[in-house]
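Me: Please take a close look at one part of this model, described in order and with the cut-offs behind each term. I should like a single connected account.

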Amino acid sequence: MQPRNMSMSGVVDLAAVKAAQEAKAKAEQARAEAARRGGSGAVSPADLVIDVDEAGFEQDVLQRSAEVPVVIDFWAEWCEPCKQLSPVLERLAVEYDGRFLLAKIDVDANQMLMQQFGIQGIPAVFAVVAGQALPLFQGAAGEAQIRQTLDQLVQVAEQRFGLTGLTVDPDAEPGAAQPAAPAAGPYDSLLNAAARALDAGDLAGAVQAYKNVLADDPVHPEAKLGLAQAELLQRVQDLDPQQVRRDAADRPADVRAQIAAADLDLVGGHVEDAFGRLIDTVQRTVGDDRDTVRLRLLELFEVVGADDPRVAAARRALARALF
């Protein structure tokens with residue numbers, strides 16, 4: 001499975017937003033399942049550093065990244081800088097006490113993974129959070145820089161994805177704690193169908209699958225988020241970006257032009273621009289036009305997620321614009 005890219009700079013990646021919600025749910029289910037079984041789910045310090053190959057990547061990295069950030073150290077036996085970097089990462093994995101998991105991948109034995117991550121040279125260090133790949137650094141790095149990068153990773157994983165890491169017990173037997181498999185939910189087949197449709201570019205099929213879930217459970221969080229994303233992608237898929245932006249610049253009072261431009265802004269990762277454009281349009285409009293813009297802005301809030309601080313700031317700005 002090829003990893004998707006995600007930036008920690010705040011750009012909205014629709015796949016990452018969806019994965020964040022899924023990761024939170026899976027982590028909660030895993031903790032609940034561990035509690036149900038009467039176990040603490042604690043791992044040994046020795047379990048914080050693992051060797052991973054192509055066969056185990058799905059389970060050991062992608063699935064584990066739903067409960068803890070996974071830092072990947074791409075290395076090789078002949079790489080001298082790797083021999084300096086790897087021990088530092090291993091020591092920090094233990095020192096950070098379960099806030100991240102270190103996965104070591106030998107590129108000579110796993111060249112497909114090296115290609116999928118687009119690695120041109122080693123050492124190369126990535127992270128995977130909720131199934132999303134984040135490049136951290138390449139080449140030799142000082143410990144201060146590594147710590148700063150890891151601190152940022154841990155913060156993003158906790159604040160945006162709700163991942164607080166693993167519980168470490170020095171007395172636990174290595175390998176004793178296995179990730180708890182979350183129980184299947186009543187709508188898993190429909191949600192999986194929607195995800196497959198999105199991956200295949202069948203936006204209409206994805207929209208319908210999410211609507212089928214919401215018809216039975218109108219407040220289902222993953223279906224609401226998925227529907228908002230799929231409908232946004234539907235709206236922009238046939239747009240001419242240059243024409244849309246020309247129209248928005250030439251006709252600042254045109255509600256449809258501003259809404260289309262805001263949709264493109266959001267898909268392009270320009271969150272504040274999208275929100276600001278619609279808030280400005282709310283201030284310039286009245287009646288039905290104002291309500292149309294307000295409703296679209298609320299839909300975009302759903303796409304980004306209520307926990308995002310940019311949404312909270314935009315809600316306050318919208319309230320000032322309306323009242």
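Reply: Cys82 is buried (under 20% relative accessible area, 1.4 Å probe, protein chains only), since its relative accessible area is 3%. The model is predicted, so local features need pLDDT of at least 70 and side-chain atom pairs pLDDT 80 or more, while totals for chains, interfaces and linings use all residues. Residues are numbered from 1 along each chain as its sequence is written, and side-chain values use heavy atoms, without hydrogens or water.

Cys79, with 3% relative accessibility, is likewise counted as buried. A disulfide (cysteine sulfur atoms within 2.5 Å) links Cys79 and Cys82, with 2.4 Å from S to S. The structure holds one disulfide. Its S-S torsion is about 80°, and the disulfide of Cys79 and Cys82 is therefore right-handed.

For the helix packing, helix 11 spans residues 271-284 and helix 12 residues 287-304 (helices are DSSP runs of H or I, at least four residues). Their axes, fitted to C-alpha atoms over the stretch in contact, with angles from 0 to 180 degrees between N-to-C directions, come within 9 Å and cross at roughly 160°. Helix 11 and helix 12 are therefore roughly antiparallel (over 145 degrees). On the helix 11 side, the contact (heavy atoms within 4.5 Å) includes Val271, Phe275, Leu278 and Val282. On the helix 12 side, the residues include Arg290, Val293, Leu297 and Phe301. By class, the contact residues divide into 11 nonpolar, two polar and three charged (Asp, Glu, Lys and Arg are charged; Ala, Val, Leu, Ile, Met, Phe, Trp, Tyr, Cys and Pro nonpolar; the others polar).

Technical notes. Helices (H or I, at least four residues) and strands (E, at least two) are DSSP runs, numbered from the N terminus. Angles under 35 degrees count as roughly parallel, over 145 as roughly antiparallel, 65 to 115 as roughly perpendicular and the rest as oblique. Buried means under 20% relative accessible area, exposed over 50%, partly exposed in between (1.4 Å probe, protein chains only).
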